[in-house]
Amino acid sequence: MLAYLIRRLLVLVPVWLGIITLTFLMRALVPGDPVESMFFGKGGDPKVIQSIRVEMGLDRPLHEQYFKYIVDVSRGDLGKSISTRRPVIDEIGDRYLKTIILAFSSLAVAVVVGIFLGVIAAIFKDTVIDTAMTVLALIGLSMPAFWLGLLFINLFAVQLRWISIVGPPDFPHLILPSLTLGFIYAAVLMRLVRSSLLEVLSQDYIRTAKSKGLAIRQVLTRHALKNALIPVVTILGLQFGALLGGAFVVENVFVWPGVGQLIVKAISQRDFPVIQGIVLLVSTTYVLVNLLVDVLYHQLDPRITARKGAS
Amino acid sequence: MEVKKRGKRLTGPLSPQAAPAKGRVSRLFTASRQLPVLMCLVLMTGLVLTACGDNTPTTASAPSTTQAVNTPIQVGNVSSFSTASATTAAATTAAAGAATTAAAGAATTAAAGAATTAAAGAATTAAATGAAPKKGGVLHLVIGEDPDALDPAKTILLTSDMINDLIFDRLVYIGSDGLPHPWVAESWQIGDGGKTLTFKIRSGLKFTDGTVLDANAVKFTFDRILDPKTASPALAQMGTLTSVDAPDASTAVFKFKEAFAPFFTNISLGYGGIVSPTAIGKSGDQFSRNPVGSGAFIFKSWTTGSQIVLVKNPDYKNLRQDDTNKGGPAYLDQIDFAIVTEPGTRLAALQQGSIDLYSLDPESASLIVKDSNFNVFQWKSATNMNFLEFPNKAPWTDAKMRQVIAHAIDKKALIESAWGGFATANANPMPVGVAGWDANNPGYSYDPAKAKSLLTELGYKPNASGMMEKDGKPVTFSLITYSGYAQQKRAVELIQANLKSIGLDVKVQIIEFSSLQTMLKKGDFDLDLMRWTWPDPTILSLLFKTPGWTGQSSDPALDAMLTKADGTLDPAARLEAVKAVQKRVYEQALIVPIATDWIIVGAAKKVQGFKWDATGYSRYIDVWFS
């Protein structure tokens, strides 16, 4: 197990290299220059523009910047923001933690709501309840996060006045963004849980369990659900990247000071060090979450780990 | 036949004749794939309606205060100016401006006036002018992003500038007469043909860290901007300034390579904020997160991505004469800036009451104007302009071709559809609120027939479908603008239709701003819809002086005229020079000016005394709660 974990963690190195290479390629391909962007139309002094370029190392050829960046990152230095000239690590600060908190609380909402409604839909297959669940899932799947967020704000904050829109990033201010994002991902999960559970419920061992005279609740919890959740866990891991992306959008709608606000601004300003820093963090998180998912497999289905261990 | 078919398909499954009721319902809930979609639509519509329900009450009365809607800026209020008088104010009141300047340098002040911004809308609430202001309270404001640096030397970002304005006082402010007035500087004298400016600094001034604000602090502030090590984005605003000396504690001498008329406006903006040398010595690079000035408000805290808090400077003595609150500190105890990136959320926060003031886009303005819970303030003679610009390539190098576009644009329709009526048509290549703007120029009339005949003169011929061709080949032009603004999007769509009506095929591209910059610099476009804000006539130099802001300008004759305008310190003479430039730009149709959009602010009813100064800063020192 330990060797497996180490091997998986080592995968991070090529991932980082790949990310850095891709973001540098993006720098070469995407139009727009960060320093010119800062001064465009504001009468920047050429000497100032040049000295900022030198300070940021932007005067050097891209391949030199690329290798320097790799060396810097290996030392734990993510560089400096071009627009604020502060270290990227300070710019990100505790913003990333806020994004992770939002992503996990949304995930919690999605898992609880998604599994619960998915099971209900599977049990009441082809009934009005099932159709109602389908409707909810359709809404969740088709509604953009920012739009649902604005509707929630209008309903809960403006009309009902249950919550203040502006305020510190505390628990009350986490509720609406988590519900928004959680609801959307619950829709995906719900459909998956439903179909996965229905498939499991048609297996022979379930028929056996039923014929033993077990109550339906016991059949579901002891036999069906655990097996039905294996594909769900896979999707959870794969969807986590999308969930982080969704968090970026939702943070901007709700006043949640995560990294989403920062990356949107950094992209529009072509603040490459900030973009690269955030992308590196996000990709690392993604790899780690998927590692966690693989470990969870082991708990749910030892056969999978055994196969992996043998390979 | 087709109609019947369509009708059958639509009504079939739901028709009472198609199946007995019970069976129909069960089939609908079990088998039909359309039903979830239908229910989905109904539910979503319900959600939307529930959420939006009360926003547009049919019974809503018009706002009870009158400073807003469709009226000229109020006459009779303390500081209100009409657009027409604004444009001539700077020229005609130059002498008066000199007379009102208290100091010894009065005569030279007028010369230094340099015809800057003409009158801004200084509309105040009716209540504010009548009742005695109350002290106390926290004003909740909103900004769309974190500032980059709360340090005048380290930023040119508007968001930062707006907060720096409250923390740092400047040497001068620009009054509604378009002239500089004493602030931290008590007076000034111009020498050496405009190459030397000697400011007398008031005595007894202190920064909020308790240290003394004197000429040495002024020298320190400007030396820091001039120092290449600072790499100050504000350096360009200093123009030809070469050095600053402080021969004694109350005298600061500014030396210039050439006379530089926009200097007064530039140092009256946030860039000219006087910083505490002691605080910079202590904080170093962290000063931009711990700013210390001598302004009406003191920086208290900055929670990244969330909030910035300023508190009242209790010892502040307001030296500006354009405020109602003269001599004293601010009425408010505190100003909180919430950082909210999404415009929809900002509007919701205003509606909810968690923010007190919010600058509105045309859509939100239409909504808030109808809502009797809010006051609306409008600054109609604002210092922005929306215009179409051209690349430095054929066929746009021909003035006649540019005039075709000028005659083809229906500005009135554009203002109604793109800006919801919240804009003033502009015939001149300058913002309506900037001194020198020519109220008498009727501009190029909206005249599609004339545009077509000019096209014919240029060798364009309509083909069978009425679209123009040149040398037997169809022509297609690209019209670009930046993304993120609904009004820009609506405007380009209408411009496209305008040009289609004269037979020009135009493809619209709406592009993210950083990418747009590259296209502009390359000249990779035919028409660009742009918006600029600048409070001084030097906007003409910023736009057109070779190579121009997009690298698309080259007119040596115009350059000479611009150099003259920027180097003339006498306000009346400067205005004449500015008008000459304006005339040339207009005749050459270097750009097609469209409109100055109004700055509109929605405010909670309790907010009193709100106004803008001549350069567009909100004067929160005058604000109080009823």
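**Entry 1. Salt bridges overall**

I counted the salt bridges over all chains of the structure and obtained 31. I note at the outset that this is a predicted model. The predictor assigns the complex an ipTM of 0.84 and a pTM of 0.81.

**Entry 2. Confidence in chain B**

For chain B I found a mean pLDDT of 81, with 79% of its residues at 70 or more. Residues 1-128 of chain B have pLDDT below 50, and I recorded 224 contacts of this stretch in the model beyond near neighbours in sequence.

**Entry 3. Individual salt bridges**

I looked first at Asp94(A), which forms a salt bridge with Lys98(A), the closest N and O atoms being 3.1 Å apart. Asp94(A) is partly exposed, with a relative accessible area of 45%, whereas Lys98(A) counts as buried because its relative accessibility is 15%, under the 20% limit.

I then turned to chain B, where Asp597(B) and Arg531(B) meet through their side chains in a salt bridge of 2.9 Å, N to O. This pair links distant parts of the chain, 66 residues apart: Asp597(B) belongs to strand E21 (residues 591-597) and Arg531(B) to strand E20 (residues 527-533). I read a relative accessible area of 9% for Asp597(B), which is therefore buried; Arg531(B), at 29%, is partly exposed.

A further pair is Lys611(B) and Asp622(B), whose side chains meet at 3.4 Å, N to O. Both residues lie in the loop between strand E23 (607-608) and strand E24 (624-625) of chain B, so the salt bridge ties together parts that are eleven residues apart in sequence. I found Lys611(B) buried, and Asp622(B) likewise. I also traced a network of salt bridges that links these two with Asp323(B) and Arg619(B).

**Entry 4. Interface of chain A and chain B**

I took the area first, since the size of an interface is often given as the accessible area lost when the parts come together. Chain A and chain B bury about 4,700 Å² between them, of which 62% is on carbon and sulfur atoms. The contact involves 57 residues from chain A and 58 residues from chain B.

I counted two salt bridges between the chains. Glu512(B) forms a salt bridge with Arg270(A), with the closest N and O atoms 2.8 Å apart. I also found 15 residue pairs in polar contact across the interface, both residues at pLDDT 80 or more. Among the elements of chain A that give two or more residues to the side touching chain B are helix H4 (46-56), helix H9 (145-159) and helix H12 (216-253). The largest share of that side, nine residues, comes from H9(A). By class, I recorded 27 nonpolar, 20 polar and ten charged residues on it.

**Entry 5. Ser232(B)**

I located Ser232(B) in the loop between helix H9 (215-226) and strand E6 (241-248) of chain B. Ser232(B) counts as buried because its relative accessibility is 1%. Its side chain reaches the backbone oxygen of Ala153(B) at 2.6 Å. Leaving aside neighbours within four places in sequence, I listed Val48(A), Ala153(B) and Ile225(B) as the contacts of Ser232(B).

**Entry 6. Helix H14 of chain B**

Helix H14 (residues 399-408) of chain B has nine of its ten residues buried, so I describe it as largely enclosed by the rest of the structure. The buried residues of H14(B) include Met401(B), Arg402(B) and His407(B). At the start of H14(B), I found a side-chain oxygen of Asp398(B) within 2.9 Å of the backbone nitrogen of Lys400(B).

Note on methods:
Residues numbered from 1 in each chain as written. Chains lettered and ligands numbered in written order. Heavy atoms only, no water. Helix = DSSP H or I, 4+ residues; strand = E, 2+ residues; numbered from the N terminus. Buried < 20%, exposed > 50% of the residue type's maximum accessible area, 1.4 Å probe, protein only. Polar contact = N/O pair within 3.5 Å; in protein donor to acceptor, adjacent residues only side chain to side chain. Contact = heavy atoms within 4.5 Å. Buried area = accessible area lost by both parts, 1.4 Å probe. Salt bridge = Lys/Arg side-chain N within 4 Å of Asp/Glu carboxyl O. Nonpolar A, V, L, I, M, F, W, Y, C, P; charged D, E, K, R; others polar. pLDDT = per-residue confidence, 0-100.
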